[in-house]
Amino acid sequence: MTSQTTPAPAPEQIRRAPKVLLHDHLDGGLRPGTIIDLAREVGYEALPETEADKLGVWFREAADSGSLPRYLETFAHTCAVMQTKEALFRVAAECAQDLAEDGVVYAEIRYAPEQHLEKGLTLEEVVEAVNAGFREGERRAKESGHRIRVGALLTAMRHAARALEIAELANRYRDFGVVGFDIAGAEAGFPPTRHLDAFEYLKRENNHFTIHAGEAFGLPSIWQALQWCGADRLGHGVRIIDDIQIADDGTVELGRLASYVRDKRIPLEMCPTSNLQTGAATSYAEHPIGLLRRLHFRATVNTDNRLMSGTSMSREFEHLVGAFGYTLDDMQWFTVNAMKSAFIPFDERLAMINDVIKPGYAELKSEWLFQQTASTRGSVASAS
Ligand SMILES: O=c1[nH]cnc2c1ncn2[C@H]1C[C@H](O)[C@@H](CO)O1
Ligand SMILES: [Zn+2]
């Protein structure tokens, strides 16, 4: 289904293209240098490396284990240095700046407030410090010529028992920087139905939530997230592929759950590099996103944890361009899918699509068209 109207974009075009990020963890995206600074400030001595470059490599390698539980162990170090208002503010501000520099125009960033209470902060203080950091990051980005809007998603940890409390927190801050709710953490052994009370509460409040499902566990997790819990979106959802059969002659048959996900336009927050690290996929070329895009699922491209995966939105797209030959039209398709699936109001999503995303891609495509015309003229001139 790859469009032939535009060529595969170069890395520099990918970076300039407007991008939308729905699945990115605040505690998975710190700059290595910031972790080192913060560790020094708070006297945290358990960092495995004390030089920024080496620490970045350590995170990538430690997260590259093929197992979600081992991948998650690396967050002990980032959460350890995110226990004060100042640290949360700094991390959130830098997050917004880094994304804006990478061409992200809209992002929903998630984190688990319950993981930032070790030094006595209240849940509300955590949320307010992060929100203030996002606003500061948006302001700094604007100053340096980039525009980004950032909303927060509050995550509850699925092995813990605070989901209802965090859902209530998300609801209280709903018009104050928080746009939705999520559950994360080890999936096997912790089905989303453990937190039904939280999801039922959010539905009664007409609020939005996504659930990490179909990453380290398969179809039952996706089915529960959708049909028992009522998730608006699926975090990862890659294992939906288990409900799709491809015959030798190439005919594709969707099972009932896969059909439901496609037909109801359930957004899939896909995170290719993270999936390779946790063993949810084997290579970029074999990542289910290729098939799901061809079958018109509402697939989106995301980073999950930029630090642990050594990635960015641009790099995720570069990998997909390399694996599937995607063009600017494909990038636009993923980006519009993501913007349609955001948790902000419909009119604001539409304005982002019509006033930011489409014009951004149109400009990149017109640059290419003019280059084409120029090079054709050049060759005609040299031939005559
Ligand atoms: O991909 C993931 N799957 C499940 N849990 C995750 C993933 N990435 C990060 N987390 C966890 C670790 C973080 O501490 C927590 C909140 O951001 O969410
Ligand atoms: Zn995640």
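This dialogue explains how to read helix packing and a metal site in a predicted model.

Q: How is the packing of two helices described?

A: Two packed helices are characterised by two quantities, the angle between their axes and the distance between those axes. In this structure, helix H2 (residues 32-42) and helix H6 (residues 85-101) pack at about 175°, and their axes are 11 Å apart. An angle over 145 degrees counts as roughly antiparallel, so H2 is roughly antiparallel to H6.

Q: Which residues of H2 and H6 meet?

A: From H2 come Thr34, Asp37, Leu38 and Glu41, and from H6 come Ala87, Arg90, Val91 and Glu94. Sorted by class, this contact has 3 nonpolar, 1 polar and 4 charged residues.

Q: At what angle do H2 and helix H3 pack?

A: H2 and helix H3 (residues 52-62) pack at an angle of about 110°, with axes 8 Å apart. H2 is therefore roughly perpendicular to H3. On the side of H2, Pro32, Gly33, Ile35 and Ile36 make the contact, while H3 supplies Ala52, Leu55, Gly56 and Phe59. The contact of H2 with H3 has 6 nonpolar and 2 polar residues, and no charged ones.

Q: How do the axes of helices H7 and H8 cross?

A: The axes of H7 (residues 123-143) and H8 (residues 163-172) come within 11 Å and cross at roughly 45°. The two helices are therefore oblique to each other, and their crossing is right-handed. Leu123, Glu124 and Val127 of H7 make the contact with Glu165, Ile166, Leu169 and Arg172 of H8. By class, 4 nonpolar and 3 charged residues take part, with no polar ones.

Q: How is the geometry of a metal site judged, and what are the protein donors of the zinc ion (ligand 2)?

A: For four tetrahedral donors the ideal angle at a metal is 109.5 degrees. Here the zinc ion (ligand 2) has as protein donors His23 (NE2), His25 (NE2), His212 (NE2) and Asp304 (OD), at 2.1 to 2.2 Å. The angles among the 4 donor atoms run from 83 to 170°, and the site is irregular.

Q: How are the donor residues of the zinc ion (ligand 2) spaced in sequence?

A: Their spacing is H-x1-H-x186-H-x91-D. His25 belongs to strand S1 (residues 19-25) and His212 to strand S5 (residues 209-213), so this pair ties together parts that are 187 residues apart in sequence.

Definitions and conventions. Residues numbered from 1 in each chain as written. Chains lettered and ligands numbered in written order. Predicted model: local features only at pLDDT ≥ 70, side-chain atom pairs only at ≥ 80, totals over all residues. Heavy atoms only, no water. Axes fitted to C-alpha atoms, helices over the stretch in contact; angles between N-to-C directions. Helix = DSSP H or I, 4+ residues; strand = E, 2+ residues; numbered from the N terminus. Parallel < 35°, antiparallel > 145°, perpendicular 65-115°, else oblique. Left-handed = near helix turned anticlockwise from the far one by under 90°. Contact = heavy atoms within 4.5 Å. Nonpolar A, V, L, I, M, F, W, Y, C, P; charged D, E, K, R; others polar. Donors = N, O, S within 2.8 Å, 3.2 Å for Na, K, Ca; no water. Tetrahedral: all angles 85-135°; square planar, octahedral: opposite > 155°, others 65-115°.
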